[in-house]
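Me: I'd like to learn how to read the empty spaces and odd backbone spots in a model like this one. Could you walk me through it?

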Amino acid sequence: MSNSPPRDPARFGPSTRLVHAGRDPSAQHGFVNTPIYRGSTVLFPTYDDLKHRRGRFDYGTSGTPTTESLTTAWSELAGAAGTVLTPSGLAALTVALMAVVSAGDHLLVSDSAYRPTRIFCDGVLKRFGVEVEYYDPLVGAGIGALLRDTTKAVLVEAPGSQSFEMQDVPAISEVVHARGAAVIMDNTWATPLLFPPHARGVDIAVEAGTKYLSGGSDLLLGLTSANAQYWPALHRTFEHFAMCPGPEDVFLALRGLRTMALRLREHGAQGLAMARWLQARPEVARVLHPALPEDPGHALWKRDFSGASGLFGVILNPAPERAVAALLDGLELFGMGFSWGGFESLVIPFDCRTYRTATTWAPEGPGLRFHIGLEDISDLQADLDAGFARLRAAM
Ligand SMILES: Cc1ncc(COP(=O)(O)O)c(C=O)c1O
């Protein structure tokens with residue numbers, strides 16, 4: 001037995017690597033975890049070291065042993081050249097975009113992107129002279145027809161926020177790279193465990209660590225990783241913003257990282273079981289879950305992903321708002337709230353019609369987004385069963 005990290009971790013499976021990545025007990029007096037380093041000032045031993053900022057760390061915003069533990073582990077997991085940490089998932093997206101686009105550039109954004117990403121693009125990026133255009137997430141290699149000489153980046157998200165459409169990320173990447181532009185992906189749903197972003201052609205990948213990395217609904221964090229080509233620009237932009245998270249949140253994320261594979265497997269299995277149960281309900285018109293064989297994105301999911309997480313949607317048959325409110329208001333186990341990825345089950349209503357611009361979203365009835373947690377599935381189904389009875393009674 002040794003208290004040093006295993007040699008050549010690439011030969012191990014992802015769960016093994018997740019347990020060992022980014023920590024070295026031999027450098028921590030044998031303690032298993034890297035402790036929380038709190039600090040702004042880093043002292044240099046000599047004038048010459050200070051002059052050349054020589055040393056592993058030079059200032060708190062650039063990194064500490066605690067943040068380095070997480071960035072090293074995440075880069076290994078994602079297959080990236082480097083990773084930066086931000087105080088939220090949305091901040092991770094903004095750093096990714098700011099690393100690539102400048103005034104006068106054209107940016108293509110999937111119509112299925114996380115809504116606050118759109119708000120940032122339509123607000124800050126437009127204000128700084130970036131031309132933002134939304135595209136149909138199902139475009140695939142057809143993205144070529146939308147690329148201009150000024151296109152610097154294409155933002156993808158698979159499956160899409162709320163709508164859960166799949167995107168052909170490798171096909172999009174091939175066409176976009178041939179034109180010298182970058183592919184930026186919000187990979188929060190899958191995490192690099194279920195979709196290795198850089199191996200599939202993504203240049204800059206974003207993860208809201210707030211979700212499955214935390215697993216506890218108790219912290220906000222973002223991770224942005226880049227391949228070798230885009231790492232210098234990403235790192236530079238991160239240093240310019242100095243938008244770094246607090247050390248306790250990074251420590252909690254490291255703790256979450258060690259159990260993420262196990263939790264994701266359970267969320268995925270529970271989510272799929274619930275999706276199948278919902279498919280059989282007479283109140284449900286469609287279930288939006290790419291791991292279901294009936295889903296239009298299933299073939300892409302099967303080809304590119306190695307599993308599913310616990311987040312998916314349903315479209316109900318037509319029902320008035322009061323009936324949906326009756327379903328939701330009486331739930332005992334499902335919480336109603338934004339975010340997801342924690343141990344608890346959640347549900348929120350959604351309506352993509354209110355913000356989509358490049359595609360038409362025409363649902364049969366109201367939409368509900370579910371996050372399936374770690375509770376006993378039969379208890380969750382009983383909670384929803386009672387909810388559906390309230391929905392029917394209020395029709
Ligand atoms: C797909 C997706 N990306 C990014 C984010 C942003 O993460 P955060 O809440 O940490 O800003 C969210 C949050 O809900 C999300 O659902």
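**Spaces, a ligand and a few unusual bonds**

Reply: Let's start with the lining of the largest cavity, which is made by Leu-311, Gly-337, Ser-339, Trp-340, Leu-346, Val-347, Ile-348, Arg-369 and His-371. Two elements give two or more residues to that lining: β10 (346–350) and β11 (367–371). Keep in mind that this is a predicted model.

Me: How does one find a space like that in the first place?

Reply: The general idea is that rolling a probe the size of a water molecule over the atoms shows where empty space is left. In this structure, a search of the whole model turns up one cavity of 30 Å³ or more. The largest cavity holds about 30 Å³ of space.

Me: Which element gives the largest share of the lining of that cavity?

Reply: That's β10, with three residues. Sorted by class, the cavity lining has five nonpolar, three polar and one charged residues.

Me: And where does the ligand go? Which space does it take?

Reply: The ligand takes up the largest pocket. This pocket has a volume of about 660 Å³. It has 34 lining residues, and the closest to its centre are Tyr-114, Pro-116, Ser-161, Trp-340 and Arg-369. The elements that each give two or more residues to the pocket lining are α4 (89–100), α5 (115–127), β6 (204–208) and β10.

Me: How many residues of each class line the largest pocket?

Reply: You'll find 18 nonpolar, nine polar and seven charged residues there. Notice Trp-340 and Arg-369 as you look around: both line the largest cavity, and both are listed among the residues closest to the centre of the largest pocket.

Me: Which residues are around the ligand itself?

Reply: For a shell like this, you look for residues with a heavy atom within 4 Å of the ligand. Here they are Ser-88, Gly-89, Leu-90, Tyr-114, Glu-157, Ser-161, Asp-186, Thr-188, Ala-208, Thr-210, Lys-211 and Trp-340. By class, that shell splits into four nonpolar, five polar and three charged residues.

Me: What about polar contacts with the ligand?

Reply: Here the thing to look for is a pair of N or O atoms within 3.5 Å. Try Thr-210: an N or O atom in its side chain is 2.5 Å from an oxygen atom of the ligand. Leu-90 takes part through its backbone, with an N or O atom 2.9 Å from a ligand oxygen. Tyr-114 has a polar side-chain atom 3.4 Å from an oxygen of the ligand. As for cover, the ligand has 390 Å² of accessible area on its own, and the protein covers 90% of it.

Me: Now the backbone. Which residues does a cis peptide bond join?

Reply: To read a peptide bond, check its omega angle. The cis bond here joins Ala-158 and Pro-159, with omega at about -10°. Pro-159 sits in the loop between β4 (151–157) and α6 (169–178).

Me: And where do I look for a positive phi in a residue other than glycine?

Reply: Go to Asp-8, where phi is near 50°. Asp-8 belongs to the segment before α1 (14–20). Then visit Arg-53, also not a glycine, with a positive phi of about 45°. You'll find Arg-53 in the loop between α2 (47–51) and α3 (65–78).

How values were computed. Residues are numbered from 1 along each chain as its sequence is written. This is a predicted model: local features need pLDDT of at least 70, side-chain atom pairs count only at pLDDT 80 or more; totals for chains, interfaces and linings use all residues. Side-chain values use heavy atoms; hydrogens and water are left out. On a 1 Å grid over the protein atoms alone, a cavity is a set of points where a 1.4 Å probe fits but cannot get out, and a pocket is an open set with protein on both sides within 12 Å along at least five of seven lines; lining residues have an atom within 4 Å of a point. Grid points are joined across faces, edges and corners, and a volume is the space filled by probe spheres set on the points. Helices (H or I, at least four residues) and strands (E, at least two) are DSSP runs, numbered from the N terminus. Ala, Val, Leu, Ile, Met, Phe, Trp, Tyr, Cys and Pro count as nonpolar, Asp, Glu, Lys and Arg as charged, and the others, Gly among them, as polar. A polar contact is a pair of N or O atoms within 3.5 Å; within protein, one must be able to donate a hydrogen and the other to accept it, and residues adjacent in sequence count only if both atoms are side-chain atoms. Accessible areas come from the Shrake-Rupley method with a 1.4 Å probe; for residues, only the protein chains shown count as cover. A molecule sits in a cavity or pocket if more than half of its atoms lie within 2 Å of its grid points.
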